[in-house]
Amino acid sequence: MKSSEVLRLERYLTFHLAEVLEVLKSAEERDSDPDSIWKAKWGSSAIVLKEVLLQSHDEIASALARMREGTYGNCVRCGNEIDLRRLEVVPWSKLCIECHEESERKQAENRRIDRSRFSAA
């Protein structure tokens, strides 16, 4: 991958990380206010939103760390290069499309197995 492409994606990730941090900070400030309209409006969804933001923060920070290490754009599972088109859509991707799809299949299978245990009980 060209350094200009990595630099462009790094700028995007850095900007997006700043946005996530700003929303998290705002959510923390709202959480400290017991009469928060935000809390009243979103209720338990606020907890889910916060978890999604924290996960986004971790994924973006991990991608930026891989950029510093020089491993960004390589699949952490198989080591193959991640297609630039995938990184343009999901710049924090750590898996190539083949490994991502395999991971999704395994997760779906695990969910199916877990559900069958509940229905058997």
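This is a walk through the structure above, from its overall build to a few single residues. Keep in mind as you look around that the model is predicted.

Let's start with the big picture. The protein has 5 helices and 0 strands. Follow the chain from the N terminus and you meet the elements in the order α-α-α-α-α. The chain holds 121 residues, and 26% of them are buried. On the outside, the accessible surface comes to about 8,700 Å², with 54% of that belonging to carbon and sulfur atoms. How do distant parts of the chain meet? Take the contacts between residues at least 6 apart in sequence: 53% of these join residues at least 24 apart.

Now go inside. The largest nonpolar core is made of 17 residues. Some of them have the most contacts inside this core, namely Leu13, Ile60, Leu64, Met67, Tyr72 and Cys75. Where do core residues come from? Helix H1, which covers 3-31, and helix H3, which covers 45-69, each supply at least two of them.

Met67 is a good place to stop and look at the core in detail. Setting aside residues up to four places away in sequence, Met67 touches Val6, Leu9, Glu10, Leu13 and Tyr72. Two of those partners, Leu13 and Tyr72, are also on the list of core residues with the most contacts.

Stay with helix H3 for a moment, and find Ala63 there. Is Ala63 buried or exposed? Its relative accessibility is 0%, so Ala63 counts as buried. Leave aside the neighbours within four places in sequence, and Ala63 is in contact with Leu13, Tyr72, Pro91 and Trp92. Leu9 makes a nice example of how the fold brings far-off positions together: Ala63 and Leu9 are 54 residues apart in sequence, yet their C-alpha atoms are 9.8 Å apart in space.

Arg66 lies in helix H3 too. You might wonder where a charged side chain like this one ends up: is Arg66 buried or exposed? The relative accessible area of Arg66 is 6%, and the cut-off for buried is under 20%, so Arg66 is buried. What does Arg66 touch, beyond residues up to four places away in sequence? The answer is Thr71, Tyr72, Val76, Trp92, Ser93 and Lys94. Pick out Trp92 from that group: Arg66 and Trp92 are 26 residues apart in sequence and 9.6 Å apart in space, C-alpha to C-alpha. Trp92 is also one of the residues in contact with Ala63.

Helix H3 has another side to show you. Gln55 sits in this helix, but Gln55 is partly exposed, with a relative accessible area of 47%. That value falls between 20% and 50%, so the label is neither buried nor exposed. Gln55 and Val20 are 35 residues apart in sequence, and their C-alpha atoms are 10.0 Å apart in space.

Across in helix H1 you'll find Ala18. With a relative accessibility of 44%, Ala18 counts as partly exposed. Compare that with Ala63, which is an alanine at 0%. The C-alpha atoms of Ala18 and His57 are separated by 9.1 Å, although the two residues are 39 apart along the chain.

Next, look for a hollow. The largest pocket has a volume of about 320 Å³. There are 13 residues lining this pocket, and those closest to its centre are Glu59, Arg86, Lys94, Leu95 and His100. Which elements give two or more residues to the lining? They are H3 and helix H5, which covers 97-120. H5 gives the largest share, with 4 residues. Sorted by class, the lining has 3 nonpolar, 5 polar and 5 charged residues.

Lys94 and Leu95 link the pocket to residues elsewhere in this tour. Lys94 is one of the residues that Arg66 touches. Leu95, for its part, is touched by Ser103.

Ser103 makes a good last stop, and you'll find it in helix H5. At 15% relative accessibility, Ser103 is under the 20% cut-off and therefore counts as buried. Besides Leu95, Ser103 touches Arg77, again leaving out residues up to four places away in sequence.

Note on methods
Residues are numbered from 1 along each chain as its sequence is written. This is a predicted model: local features need pLDDT of at least 70, side-chain atom pairs count only at pLDDT 80 or more; totals for chains, interfaces and linings use all residues. Side-chain values use heavy atoms; hydrogens and water are left out. A nonpolar core is a set of buried Ala, Val, Leu, Ile, Met, Phe, Trp, Tyr and Cys residues joined through side-chain atoms within 4.5 Å. Buried means under 20% relative accessible area, exposed over 50%, partly exposed in between (1.4 Å probe, protein chains only). Contact means heavy atoms within 4.5 Å. Accessible areas come from the Shrake-Rupley method with a 1.4 Å probe; for residues, only the protein chains shown count as cover. On a 1 Å grid over the protein atoms alone, a cavity is a set of points where a 1.4 Å probe fits but cannot get out, and a pocket is an open set with protein on both sides within 12 Å along at least five of seven lines; lining residues have an atom within 4 Å of a point. Grid points are joined across faces, edges and corners, and a volume is the space filled by probe spheres set on the points. Ala, Val, Leu, Ile, Met, Phe, Trp, Tyr, Cys and Pro count as nonpolar, Asp, Glu, Lys and Arg as charged, and the others, Gly among them, as polar.
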